[in-house]
Amino acid sequence: MRGPQLQLLREQFERCTQGRGGVVVVSGAPATGKTALLRAFGEDVAPAAHVVTAIASRVEQALPMGVIDQLLAGVALPADRADATDRLLFGGVLDAPQSGPPDGAPPVSPALLRGVHAAFRTLCAERPLVIVVDDLQFIDPPSLSCLLYLIRRARSQRILVLIGECTHNSRLRRLLQSEILHLPNVRQLRLGTLPAPGVTALLEQRMDAETAERLTAQCLAITGGNPLLLRALAEELPGDALTGDGPVPGETYRRAVAGCLLRAESSLLDIAHAVAVLGAATSVPLVGEVVAADHQSVITGIDILTESGLLDAGRFRHDAAEHAVLDGMPIELRTRLHRRAADILHAAGAPTPVVARHLAAGRETGPVWACGVLLDGARLALLDGDSATAIGYLRLAHDGAEEPRQRAEITAALAEAQWRVNPSAAKRYLPQLCAAAHAGLLSAGEVTCLLAHLLWQGQYADALRILADLHSRPGVAIDLELLTKYSGTLAPGLSIEAAPDRPEAPAGAAQPGRADPSGRRLGGRQGVWHRAVDVLSRVVLDGPDPGALSEAQQVLHGVRPAVDGVLPAVYAVMALLYGDRPDLAADACDLLLKDDRVRGHPTWRAMIGVARAGVSTRLGDLPEAVERAAAALALLPVADWAAAAGAPLAVMIRANTGMGMIDAASLYLDHPVPDAVFATVFGLEYLSARGHLHLAAGRPGPALDDFRACGRLMQGWSLDRPDLVPWRTDAAEALLTIGEREEALALAEEQLALTGPATRTRGITLCTVAAAGPPQPGEALLREAIGLLGKSGDRLSLARAYADLGATYQELDQPGPARRAATSALRLANRCGARPLELRIAAMGPAGDRADPHPPGDTARPSGPLDRLTDAELRVAVLAAKGHTNLQIARRLFVTVSTVEQHLTRVYRKLQLGRRSQLRGVAGLDIE
């Protein structure tokens with residue numbers, strides 16, 4: 001790799017053996033291979049010469065004669081000469097007043113200069129002498145005087161002096177220029193980084209030639225051809241990098257970066273530190289201001305660092321290099337530089353995120369403008385889905401804020417940002433925010449967000465105090481109807497009349513719900529919230545209607561999660577779900593989960609994930625419901641859901657129960673459920689799901705208790721709507737289990753009178769009425785139910801209706817229709833993953849081949865062997881048959897690769913296939 005350079009040194013050595021001594025100055029940027037070249041040459045000529053070596057060091061720069069002592073310590077001088085040299089070296093360096101080195105270093109006695117020269121001349125009498133001094137920029141001044149003295153007298157002796165020096169030391173370069181570089185026996189050799197062929201050659205030392213050639217461009221881009229960095233990177237190349245993925249710098253590479261700068265002068269190190277601290281904001285003027293260096297020195301330093309391969313276009317070539325430099329800095333220095341950078345950038349009008357980053361890194365809130373910049377930086381970070389950065393900024397601003405309104409604003413922002421990551425962490429800020437709300441320090445948007453947090457945590461007393469406070473003060477700049485409707489929809493157990501006594505506001509305090517003069521709201525725009533809350537309350541209180549569902553879709557199309565938050569979108573999804581449009585709700589959830597800014601906030605993803613799991617349950621895809629709900633709980637454990645815990649628990653209990661996994665479902669009963677859950681609509685769903693688990697486990701008594709408790713809550717809230725939770729048919733099912741047919745029929749008929757003419761709930765209710773009554777009219781009721789359920793998309797309820805119809809036909813002694821209904825039921829139950837229902841259908845007797853191939857609501861799927869697949873399995877199978885890899889399928893469907901693998905395993909088993917390629921031969925997998 002350094003063949004031409006080694007050849008030049010050999011030629012100089014050959015001249016030396018002939019009595020024509022010389023000097024070679026090997027210069028270059030840090031870590032460009034100077035030391036390796038000098039070492040290789042010394043090993044090459046060692047058999048034919050005395051080779052003495054010294055490495056100058058920054059820490060020994062103040063040690064007089066340290067380098068000369070290194071050189072002489074490695075040779076064996078005659079006894080008399082050795083004694084004389086020791087007396088000179090250790091008897092006092094600064095003896096006689098004599099002219100010193102040109103840079104003003106202390107003078108060295110003539111006796112010492114002559115004695116050192118004599119010692120080296122003694123060595124070259126026997127064999128040629130090669131003197132190697134590396135890192136000359138750190139040589140102590142007396143040693144430098146002796147070395148220059150020797151160099152000026154080496155021309156007629158068998159002495160070859162090799163010097164390694166960093167090109168950045170302008171003082172040393174001026175000295176060498178004036179003292180020796182003009183001499184005829186002095187040669188200069190400048191080393192740069194390795195070009196592509198040199199990179200390939202170095203890589204071939206660790207791998208085959210083909211792989212080295214393939215990785216050359218990537219390694220060159222990361223290291224700039226710096227040999228030290230390149231060797232470190234090559235050491236870290238894992239096996240998969242040699243076969244596929246490219247190199248990824250690791251710890252060895254980071255240590256090599258530190259090594260590159262270890263021998264650099266302090267001024268060059270300062271510039272490297274400034275570049276690392278400034279990051280993307282790096283420029284020559286800014287670096288100069290940060291390190292207090294002149295323009296030309298900064299340009300020279302950046303050029304040297306670029307020449308070394310560390311920098312490219314003024315930035316570190318790789319983030320790992322930048323991080324290595326930052327990590328290697330003393331914390332006090334790094335903090336000071338970040339603070340200095342923040343001041344300079346703010347004065348220069350730099351963008352808020354840039355200044356905020358330096359304030360946070362420097363833990364700086366001292367300037368009066370700092371807290372405002374951190375708050376704005378946090379808002380922008382949240383818009384990009386970066387909760388962690390936002391929280392860091394806000395915590396720092398919170399600690400430094402002193403003005404009451406600003407502190408309240410920062411606290412509200414911090415609670416919102418924390419809630420997006422972990423609602424339990426946001427809870428600690430609620431007392432401060434409640435006090436700020438009563439003192440009139442919060443904007444309208446901040447009050448709305450506070451109320452949302454209090455409802456989530458189940459702190460209903462505090463929520464009621466705020467609502468009562470707002471109602472009692474005229475002229476507040478907030479929509480009280482919105483807040484009251486919002487609270488009553490999600491927590492119907494909340495009542496403004498039951499509000500406890502509120503604390504008195506301080507005299508002269510501003511009205512709560514003040515307008516936000518900046519117009520900035522982390523909680524979302526009031527218009528979006530109003531529309532979302534309004535449409536949800538209409539569906540919950542009045543039942544589904546086309547106008548409300550259309551409004552819900554408009555909310556979803558218009559909401560911007562990064563600006564408005566995700567709650568308005570979730571409320572619109574709930575409205576679609578309660579409004580019998582799970583298909584639209586599914587599409588809306590899937591779009592939200594694809595939004596990168598949503599994906600950056602775990603709480604948001606968990607909420608949408610649970611909503612999507614609820615949609616899957618409603619659509620009858622039980623395995624998918626469990627998978628989605630489990631993923632949401634992995635993001636946000638049950639304890640963090642607080643008063644909303646009923647939502648994920650209800651899905652997991654209901655879906656596992658439907659699949660016959662009673663033990664798995666029962667595990668979710670072990671989670672403590674706070675009392676606050678049972679003041680929410682999610683508590684209704686939890687009671688219903690728990691009741692069905694009791695029923696499936698053979699405990700009809702506890703099941704009936706849960707269903708009736710659900711009914712008492714709904715009636716007590718004046719919210720007795722079967723579209724929310726059909727508690728009467730749930731209770732009727734339990735009553736039928738214990739033989740109370742008349743009471744069951746009465747409850748079912750009562751519910752039938754409360755349902756709309758074309759709803760899913762009416763279909764379910766008709767099935768219950770049919771089950772409680774005689775078979776003859778039951779057949780007509782079930783046919784009507786099947787029509788309604790087929791349109792609703794609820795495949796599980798549709799499967800049960802078909803199963804009931806098959807049983808009814810059996811009672812009526814009509815085996816053909818019974819067989820066809822049972823076959824349709826079995827197909828749907830299989831797709832839903834409803835194993836208990838499959839067993840029930842199988843117990844009815846063999847299903848014939850004359851069943852309807854496409855039952856209502858099932859026309860989109862192919863028939864045949866694919867009927868055994870769930871929707872999730874079918875989607876994976878179709879993509880796999882088309883040649884997509886597991887990773888591509890996972891990215892397209894927004895699931896994990898592990899999930900894809902599990903689906904494919906079940907597909908192979910159900911279709912009796914042995915390998916992936918056989919999927920292409922399965923009829924029906926060519927569907928879009």
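Biologist: Which residue in strand 4 stands opposite S27?

Modeller: That's E165. Keep in mind that this is a predicted model.

Biologist: Sure. How many bridges join strand 1 to strand 4?

Modeller: Seven, with strand 1 (residues 22-28) and strand 4 (residues 159-166) running parallel. Another pair in there is V26, whose bridge partner in strand 4 is G164.

Biologist: And what about strand 1 and strand 5, how many bridges there?

Modeller: Six, again with the strands running parallel. V24, for example, has R187 in strand 5 as its bridge partner.

Biologist: Is strand 1 buried or exposed?

Modeller: Buried: that goes for seven of its seven residues, so the strand is largely enclosed by the rest of the structure. G22, V24, V26 and G28 point one way, V23, V25 and S27 point the other way, and all are buried.

Biologist: OK, zooming out to the sheet. What's the strand order?

Modeller: It goes 2-3-4-1-5, an open sheet of five strands with parallel pairing. Strand 2 and strand 5 (186-191) sit at the edges with a single partner strand each, so one side of each has no neighbour in the sheet. From one strand to the next, the twist averages 15°.

Biologist: Which helices pack on it?

Modeller: Helix 5 (residues 110-126) is one of them, touching strand 2, strand 3 and strand 4, and its direction makes about 135° with that of strand 3. Helix 6 (residues 141-151) also packs on the sheet, where it touches strand 1, strand 3 and strand 4; its direction makes about 135° with that of strand 4.

Biologist: Back to the edge. Which side chains of strand 2 are buried?

Modeller: H50, V52 and A54, which point to one face. V51, T53 and I55 point to the other face and are not buried. That fits the usual pattern, since side chains in a regular strand alternate between the two faces of the sheet.

Biologist: How does strand 2 pair with strand 3?

Modeller: In the parallel sense, over six bridges, with strand 3 covering residues 129-134. H50 stands opposite L129 there.

Biologist: Changing topic: how many helices and strands are in the whole chain?

Modeller: The protein chain has 49 helices and seven strands. Of its 928 residues, 56% are buried.

Biologist: What share of the contacts joins residues 24 or more positions apart?

Modeller: 70%, counting contacts with a separation of 6 or more.

Biologist: Last one: how much surface does the chain expose?

Modeller: About 37800 Å², and carbon and sulfur atoms supply 53% of that.

Terms used:
Residues are numbered from 1 along each chain as its sequence is written. This is a predicted model: local features need pLDDT of at least 70, side-chain atom pairs count only at pLDDT 80 or more; totals for chains, interfaces and linings use all residues. Side-chain values use heavy atoms; hydrogens and water are left out. Helices (H or I, at least four residues) and strands (E, at least two) are DSSP runs, numbered from the N terminus. Buried means under 20% relative accessible area, exposed over 50%, partly exposed in between (1.4 Å probe, protein chains only). Contact means heavy atoms within 4.5 Å. Accessible areas come from the Shrake-Rupley method with a 1.4 Å probe; for residues, only the protein chains shown count as cover. Two strands pair if DSSP finds at least two bridges between them. Axes are lines fitted to C-alpha atoms, for helices over the stretch in contact, and angles run from 0 to 180 degrees between N-to-C directions.
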